Amino acid sequence: MSMQTLVQLLEALAEDREDVWPLYEEIGRAAVRHLLRADCAALTLIGQAWLASEAAQGALADSWPDAADHADIEARARNAEAVLAQVVHCTLFGDKAQALN
């Protein structure tokens, strides 16, 4: 593999391009395998945050943009997505206690 190919791959990852999603999936599989063996409680936290985010995103998808509660539903979806990102980040790279807050 050439250095240029590697640079292009890293740029694609930084840009979150669809053509590198298989790499994201492979990294995710490795992380899940590790957590299943080493820290099932952490994986449970991620699962709970993901389920909450999915539910909030589903509620947002079902909400009409001109509905009176749409802004609240949208805020809950954004918050749930941020919580998921925080839990994943803290669980994999940082303080697990912070992931609980």
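In this predicted model, the largest nonpolar core is made up of seven residues. Reading along the chain, these are Leu35, Ala42, Leu43, Ile46, Ala49, Leu84 and Val87. Two helices, α3 (40-62) and α4 (70-93), each contribute at least two residues to this core. Helix α3 supplies the largest share, with four residues.

A helpful next stop is the space left open between the atoms. Such empty space can be found by rolling a probe the size of a water molecule over the atoms. The largest pocket encloses about 360 Å³. Its lining consists of 15 residues, and those closest to the pocket centre are Gly28, Ala31, Ile46, Val88 and Leu92. Ile46 is thus a residue to look for twice, as it belongs to the largest nonpolar core and also lines the largest pocket.

Three helices give two or more residues each to this lining, namely α2 (21-38), α3 and α4. The biggest contribution comes from α2, which provides six residues. In chemical character, the lining of the largest pocket holds twelve nonpolar and three polar residues, and no charged ones.

Helix α4 also contains His70. Is this histidine, His70, buried or exposed? With a relative accessibility of 12%, His70 falls under the 20% limit and therefore counts as buried. Leaving aside residues up to four places away in sequence, the contacts of His70 are Leu60, Ser63, Trp64 and Pro65.

Conventions:
Residues are numbered from 1 along each chain as its sequence is written. This is a predicted model: local features need pLDDT of at least 70, side-chain atom pairs count only at pLDDT 80 or more; totals for chains, interfaces and linings use all residues. Side-chain values use heavy atoms; hydrogens and water are left out. A nonpolar core is a set of buried Ala, Val, Leu, Ile, Met, Phe, Trp, Tyr and Cys residues joined through side-chain atoms within 4.5 Å. Buried means under 20% relative accessible area, exposed over 50%, partly exposed in between (1.4 Å probe, protein chains only). Contact means heavy atoms within 4.5 Å. On a 1 Å grid over the protein atoms alone, a cavity is a set of points where a 1.4 Å probe fits but cannot get out, and a pocket is an open set with protein on both sides within 12 Å along at least five of seven lines; lining residues have an atom within 4 Å of a point. Grid points are joined across faces, edges and corners, and a volume is the space filled by probe spheres set on the points. Ala, Val, Leu, Ile, Met, Phe, Trp, Tyr, Cys and Pro count as nonpolar, Asp, Glu, Lys and Arg as charged, and the others, Gly among them, as polar.
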